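Biologist: I'm new to this one, so could you walk me through it? I'll ask, you answer.

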Amino acid sequence: MAIVVRSAVGRFEDFTTVVGTRRPGAKGCWCMSYRDSRVPDLERPDYMRQECDADPGPGVLAYVDEEVAGWCSVAPRSTYRRLTRSRTIPFLDDRDAWSVVCFVVRPPFRRQGLMHHLLAGAVEHAAAHGAEVVEGYPAETGGTRIDQISGYVGTVELFEAAGFHRASTTTAHSGHRPRWLMRREL
């Protein structure tokens, strides 16, 4: 099984395969919850098409044997409206950290460790675009399983395995589990 992680720039159709809705006109996140949830549902695909048309892009995609399998949203924290106004996730300093806010893995590719590859690719992508530090806001699981819906933020264990450290507590929760602000210096 060959796994490769690539920038979403120029890959809107692959992004759509992972994150988009199956029915035309259906409502969906389109990975807009942190970017700008004010964008109307029907305008979200066009918004993300524009994001995928310009460097550095909105994130990275994982491919398994050249088939698109997963997504990780990573971009400068300042580009996520929800984070710039967050009352639950603190700012640690004046640097514009790159933020990892969302993971999506297509059902046939789950439970194969793909999120580890996505996170490593997100860090590489951020570093290639001059990031000094990368942050994530994963859930604390205490080693137990987390449901798929709540797990979109990743887990503390995933981030620790990728060299991140617990930088600050937050008052945010996912699936009734506390979330940490985790950082990795580049």
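What follows is a chat about cysteines, salt bridges, a cavity and a helix in a predicted model.

Biologist: Let's start with the cysteines. How many disulfides does a search of the whole structure find?

Modeller: A disulfide needs two cysteine sulfur atoms within 2.5 Å. The sulfur of Cys 29 has its closest cysteine sulfur in Cys 31, 5.7 Å away, which is too far for a bond. Cys 102 is in no disulfide either, with the sulfur of Cys 31 nearest at 4.0 Å. Over the whole structure, the number of disulfides found is 0.

Biologist: And is Cys 102 buried or exposed?

Modeller: Buried means under 20% relative accessible area. Cys 29, at 40%, counts as partly exposed. Cys 102 has 11% relative accessibility, so it counts as buried.

Biologist: On to charges. Which residue forms a salt bridge with Glu 66?

Modeller: The structure holds 13 salt bridges, and this one links distant parts of the chain, 60 residues apart. Glu 66 sits in the loop between strand 2 and strand 3, while its partner is in strand 1. Glu 66 is exposed at 57% relative accessible area, whereas the partner is partly exposed at 23%. With the closest N and O atoms 3.1 Å apart, that partner is Arg 6.

Biologist: Next, Asp 93 and Arg 183. How many residues apart in sequence are the parts that this pair ties together?

Modeller: Their side chains meet in a salt bridge, 2.8 Å from N to O. Asp 93 lies in the loop between helix 4 and strand 4, and Arg 183 lies in strand 7, so the pair ties together parts whose separation in sequence is 90 residues.

Biologist: Of those two, Asp 93 and Arg 183, which one counts as buried?

Modeller: Asp 93 has a relative accessible area of 28%, which makes it partly exposed. At 4% relative accessibility, the one that counts as buried is Arg 183.

Biologist: Where does Glu 140, the salt-bridge partner of Arg 166, sit?

Modeller: The side chains of Arg 166 and Glu 140 meet at 2.6 Å, N to O. Arg 166 belongs to strand 6, 26 residues from its partner. Glu 140 is found in the loop between strand 5 (133-136) and helix 6 (156-161).

Biologist: Which residues do salt bridges with shared partners join into one network?

Modeller: We've already met two of the members, Asp 93 and Arg 183, as a pair. The full network is Arg 77, Asp 93, Arg 95, Glu 132, Glu 135, Arg 183 and Glu 185.

Biologist: Now the cavity. How many residues of its lining are charged?

Modeller: The structure holds 1 cavity of 30 Å³ or more, with a volume of about 30 Å³. Its lining includes Arg 77, Asp 93, Arg 95, Glu 135 and Arg 183, and Pro 90, Phe 91, Leu 92 and Ala 97 line it too. The lining divides into 4 nonpolar residues, no polar ones, and a charged group numbering 5.

Biologist: Last one, on helix 3. Within what arc do its buried residues fall?

Modeller: Helix 3 covers residues 44-53, and Arg 44, Met 48 and Cys 52 are buried there. On the other side, Gln 50 and Asp 53 are exposed. Seen down the helix axis, the buried residues line one face of helix 3, because they fall within an arc of 70°.

Conventions: Residues numbered from 1 in each chain as written. Predicted model: local features only at pLDDT ≥ 70, side-chain atom pairs only at ≥ 80, totals over all residues. Heavy atoms only, no water. Buried < 20%, exposed > 50% of the residue type's maximum accessible area, 1.4 Å probe, protein only. Salt bridge = Lys/Arg side-chain N within 4 Å of Asp/Glu carboxyl O. Helix = DSSP H or I, 4+ residues; strand = E, 2+ residues; numbered from the N terminus. 1 Å grid on protein atoms, 1.4 Å probe; cavity = no way out; pocket = protein on both sides within 12 Å on 5 of 7 lines; lining within 4 Å. Points joined across faces, edges and corners; volume = space filled by probe spheres on them. Nonpolar A, V, L, I, M, F, W, Y, C, P; charged D, E, K, R; others polar. Arc of directions from axis to C-beta.
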